[in-house]
Amino acid sequence: MINIQPIGEVPDARQACIDWADQEWSAVANFTAEEWVEEFQRIDQSPTDQVFVAHSDAVPVGMVWLLAHEDVDSHRHLTPWLSGLVVDPAYRRTGIARALVAYVESRAATEGTTDLHLLTVMPNYYFYQGWDVIDTAILGQQRVFVMKKALVNPDHPAQDQA
Ligand SMILES: CC(C)(COP(=O)(O)OP(=O)(O)OC[C@H]1O[C@@H](n2cnc3c(N)ncnc32)[C@H](O)[C@@H]1OP(=O)(O)O)[C@@H](O)C(=O)NCCC(=O)NCCS
């Protein structure tokens, strides 16, 4: 059973989250492990940005971020963003990422978000979860796809679908 919580409620998972970010994105982001520690501190202090952690039987197995802005100047006008999605290699292909994406979509919709965005090099992963490509952008040295999903507000589902 997968349990997803804000990182502030599961401080023991913090180092695992920093390690995943370091392993997956340090080369692309040109970050050191210490800079990831600082990035998590920045998110802690942000009024908008959040990290959510998935546990399986009390073991941290993945994370996802909800950010007001991504690090792409070309798309500063879009907000908010699903980001930081990673599942521990030992737990992949068991539906954890799917659960994390669904969790952030639901959380953002509850907070009043109508359009959620993300950057990815693997759009196929998101197509079948209802996301569309709306543009491309340069992230670091890489061209990435900008994707969007229209969310349904759980308090006003009929109105949003009309
Ligand atoms: C991408 C990632 C988050 C997927 O995590 P996961 O928990 O294994 O994904 P799920 O089990 O929820 O996958 C659901 C479906 O997505 C598809 N899928 C999973 N990983 C995929 C991949 N790497 N490429 C293409 N499709 C993939 C599969 O169809 C899968 O269904 P199936 O297992 O029935 O075939 C994980 O591989 C990861 O952490 N990768 C490194 C970081 C990364 O690339 N993050 C995404 C940034 S946009």
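This is a short tour of a predicted model, from its strands to its core and its ligand.

Before you start, note that residues are numbered from 1 along each chain as its sequence is written. In this predicted model, local features need pLDDT of at least 70 and side-chain atom pairs count only at pLDDT 80 or more, while totals for chains, interfaces and linings use all residues.

Select strand β2, residues 50-56; strands here are DSSP E runs of at least two residues, helices are H or I runs of at least four, and both are numbered from the N terminus. Because 5 of its 7 residues are buried, β2 is largely enclosed by the rest of the structure (buried: 20 or more other C-beta atoms, placed from the backbone, within 10 Å of the residue's own).

Add β1 (residues 2-6), which pairs with β2 in the antiparallel sense over 5 bridges; pairing takes at least two DSSP bridges. Ile2 stands opposite Ser56. Now show β3 (residues 59-67), antiparallel to β2 over 7 bridges; here Ser56 has Val59 as its bridge partner. In the turn of this β2-β3 hairpin, Asp57 has a positive phi of about 50 degrees.

Next, colour Phe52, Val64 and Leu82, which are among the residues touching the most other members of the largest nonpolar core, a set of 37 (buried Ala, Val, Leu, Ile, Met, Phe, Trp, Tyr and Cys joined through C-beta atoms within 7 Å).

Finally, go to the ligand: 15 residues surround it, and the closest are Val87, Arg92, Ala97, Arg98 and Thr120 (near: C-beta, placed from the backbone, within 6 Å). β4 (81-87), α3 (96-110) and α4 (123-127) each supply at least two of the shell residues.

Note on methods
Buried ≥ 20, exposed ≤ 12 C-beta atoms within 10 Å, placed from the backbone.
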